[in-house]
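Open the model in your viewer and keep the selection box handy. We will go from stop to stop, picking something to select and saying what is there.

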Amino acid sequence: MTLGQVPFVVSALLVVIGLYALLFKRNLIKMVIGVSIIETGVNLFLVTVGYRAGGQAPIYTYSDPTTLRVLPTPQALTLTSIVIGLATTALLLSFVVFIHRHYQTLDAEKIKELKG
Amino acid sequence: MNALLHHAPVLLVAVPLLGAFAVPLVGKLGSGLRRFFVGLIALLTTAIAGYLAASFYAAGASPIVYVLGGRLSLPSGMVAPIRIMFELDGLSVFMMLITALAALAAVLYTSSFWKERSGATLKDSLMLLLIVGIFGMEMTGDLFNFFVFLEITSIAACSLVGFRVWNGRSQEAAFKVMTLYTLSGLFVLLAVGLLYGQYGGLNIAYLATMIGSGAALVDKIALGLLLTGLAMKAGAVPMHMWAPDAYGEAPGAASILLVANSQASLYGLFRVLFTLYGSAYSPQSLAWILIGLAVLTIIVGVTMALVQRDLKRLIAFGAVSQIGYMMLAVGVGFAAMTALQPSDFGFVALQGGLFHMINDAACIGLLFLAAGIVIRRAGTRDLQGMGGIAHDLKWTTAFFMLGAFALAGMPPLNGFASKLMIYESTFRLSPVLAIVAILASILLLAVFLRAFQAAFLGPRTEPTDVMRPVPISMLVSMGLLALVVVAFGLFPGFFVDRIVTPAAQALWSGRDAYIQAVMSGMGG
């Protein structure tokens, strides 16, 4: 395994850790953290996909035509996805706050009004 | 081509988007003005959708491409297309019509209240935002934009489920739905990242040409992620648990939009399966996985509906089972298309499945809207606490009955027309599956007859709400859906030929046309 592959492995690990938290944790806050970790893993993957060794940011109009330039699409995607992730996390946490207000607990096993 | 028609695809997203953010401002001026404004935006959006669809069909249903952006030319002489596009083929336009119908019905329904409730401004704003997201998902020709619109629908839909913060159940439902929606969105995003890493593009047509040269392992992983994510968001078994919670806890008018949202995810699934991968990678096993999930969805949906005591959850499980019928039909179509010798019953299956989508939106919508009135009148959602609604609410009773019969596939209503096509074609593939589908349909009729008997018949119970007639706009909204239910049932051939066949054609053989429409105008 070369050094360049490490970020891919890390992002895969993050996704797996997040899925584990989402599936096996009973605390709602920890579930939100799980979702957030998956998000981070996916974002890291997007950034890694867009990385080119020795590449230059495509922001200089009169740069040397022979230099390797990086297509900014993955960065734009990652930014968008981070913003969306912030919105979803905030929304999830606000639901958790209201759930706690109604049920006085964050244990997913104890909040079971909607079953069957 | 005139300017309005040319810009119609982007206006369809822009008008409700601006409307959604203007609603809180207009709401400051008074609730009457706000309702008028929301109604106006909805009418305008529907008019644009109708106009676009009419000219699309008049022009022979060839794909429309709307380009945002253009090309980048650097001083070094490098020229590259930098653009995002909307692409509409028969399937997109068909889905757009369903959404427009649902949007109009939902906004009309919500435009009058027996009494103004808190959070109404928020609800109007979120509903328009959800409409934006659904339209975007159906029209975009770009995989990443698909993800963005998917997340817009997720956030708007979950807020609609949970905006009534004084109710604990709605918070619980909203949390569950949001978690699942976010997870499905991340699956899609991961697949988008994989495809981008592999091919350096995000345009669906471009990716389709690249995958066209044979699917690599990465493509298969991306396909698996996309299908899992989208099936999850469409509410297919085994990830259906969120659907009854969401449909059940959302306000009546929002439930119909949530159904349209699930259908938009299903649209995404079809688009990936038939256009993005299509002839390049379409193993028979995939069709059978789809059919298996579909049958499970039908069975689970109907049996769970059988044991519900809560009226809205009962209808919601009915809605889950209908997603199964659509997936079954399209699975059969896919199996027939990918078989060594494609047989034409597959095309009938696709027609039936797609026709069932618009029928389902109309009759499930009718049921949800009628149930909203019933619940408000009875003051409870428990079927055992209801009774005798039919004495006071004649129109609502009639609409509920119409919706229930149509959903269960009784002739001569629209549900029968599309289910017959599904049964016929499924029978050609496997008689057992067709029998299961028919039996489930009969069981569904029993479920709704029981609900009807419990809620509408019997002696009059003491109404908790003030005895006032149902607002006209609610009746008009239900009347609109009822008109669709009856018209599509009486003249199925007329509508199938005009709107369903181009959509089925887009799946059956439209992949090349979809790709050509983008790639031919590429020019470098």
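The tour below starts where the two chains meet, moves through chain B, and ends in chain A.

**Stop 1: where the chains meet**

Before you click, keep in mind that this is a predicted model. Color chains A and B separately and look at the contact between them: 29 residues come from chain B and 31 residues from chain A. Now select residues 143-162 and 168-199 of chain B. These are α5 and α6, and each supplies at least two residues of the side of chain B that touches chain A. Which helix gives the largest share of that side? It is α6(B), with 17 residues. If you color this side of chain B by residue class, you should find 16 nonpolar, nine polar and four charged residues.

**Stop 2: a pair of packed helices, α13(B) and α15(B)**

Next, select residues 345-378 and 414-429 of chain B, which are helices α13 and α15. Two packed helices are described by the angle between their axes and the distance between the axes. Here the angle is about 150° and the axes are 8 Å apart. Angles over 145 degrees count as roughly antiparallel, so that is how α13(B) and α15(B) run relative to each other. The crossing of α13(B) past α15(B) is left-handed.

To see the contact itself, show side chains. On α13(B), the residues to pick include B:Phe345, B:Val348, B:Phe355, B:His356 and B:Asn359. On α15(B), they include B:Asn414, B:Ala417, B:Met421, B:Ile422 and B:Arg428. Taken as a whole, the residues of this contact divide into nine nonpolar, ten polar and three charged.

**Stop 3: stay on α15(B)**

Keep α15(B) selected and try the distance tool on its two end C-alpha atoms. They are 24 Å apart, which agrees with the 22 Å that its 16 residues should span at 1.5 Å a residue.

Is this helix mostly covered or mostly open? It is mostly covered, with twelve of its 16 residues buried. Among the buried ones are B:Phe416, B:Lys419, B:Tyr423, B:Thr426 and B:Leu429. To see what covers them, bring up the surroundings in chain B: the cover includes α12 (311-338), α13, α14 (394-407), α16 (431-456), α17 (472-490) and α18 (492-508).

Just before this helix, select B:Pro412, which sits in the loop between α14 and α15 of chain B. The peptide bond leading into B:Pro412 from B:Pro411 is cis, with omega near 5°.

**Stop 4: α18(B) meets α3(B)**

You have already met α18(B) as part of the cover over α15(B). Now add residues 90-110 of chain B, helix α3, whose axis comes within 7 Å of that of α18(B) and crosses it at roughly 135°. That angle falls between 115 and 145 degrees, so this pair counts as oblique. As α3(B) passes α18(B), the crossing is left-handed.

Show B:Gly90, B:Leu91, B:Phe94 and B:Leu97 on α3(B). They meet residues of α18(B) including B:Ile499, B:Val500, B:Pro502 and B:Ala503. This contact has nine nonpolar residues, two polar and no charged.

**Stop 5: two loops of chain B**

Go to B:Pro238, in the loop between α8 (217-234) and α9 (242-249) of chain B. The peptide bond from B:Val237 to B:Pro238 is cis, with omega near 5°.

Then jump to B:Ala61, in the loop between α2 (31-58) and β1 (64-73) of chain B. Its phi is positive, about 55°, although B:Ala61 is not a glycine. Is B:Ala61 buried or exposed? With 22 C-beta neighbours inside 10 Å, B:Ala61 counts as buried.

**Stop 6: finish in chain A**

Switch to chain A and select A:Gln104, in the segment after α3 (73-103). This residue, which is not a glycine, has a positive phi near 60°. A:Gln104 counts as exposed because it has 8 C-beta neighbours inside 10 Å.

For the last stop, pick A:Thr48 in helix α2 (28-50) of chain A. A:Thr48 counts as partly exposed, with 19 C-beta neighbours inside 10 Å. Beyond its neighbours within four places in sequence, A:Thr48 is in contact with A:Pro7, A:Phe8 and A:Ser11. Finally, draw a line from A:Thr48 to A:Pro74: the two are 26 residues apart in sequence and 8.7 Å apart in space, C-alpha to C-alpha.

Notes:
Residues are numbered from 1 along each chain as its sequence is written. Chains are lettered from A and ligands numbered from 1 in the order in which they are written. This is a predicted model: local features need pLDDT of at least 70, side-chain atom pairs count only at pLDDT 80 or more; totals for chains, interfaces and linings use all residues. Two residues are in contact if their C-beta atoms, placed from the backbone, lie within 7 Å. Helices (H or I, at least four residues) and strands (E, at least two) are DSSP runs, numbered from the N terminus. Ala, Val, Leu, Ile, Met, Phe, Trp, Tyr, Cys and Pro count as nonpolar, Asp, Glu, Lys and Arg as charged, and the others, Gly among them, as polar. Axes are lines fitted to C-alpha atoms, for helices over the stretch in contact, and angles run from 0 to 180 degrees between N-to-C directions. Angles under 35 degrees count as roughly parallel, over 145 as roughly antiparallel, 65 to 115 as roughly perpendicular and the rest as oblique. A crossing is left-handed if the near helix is turned anticlockwise from the far one by less than a right angle, and right-handed if clockwise. The expected span of a helix is 1.5 Å times one less than its number of residues. A residue is buried if 20 or more other C-beta atoms lie within 10 Å of its own, exposed if 12 or fewer, and partly exposed in between; C-beta atoms are placed from the backbone.
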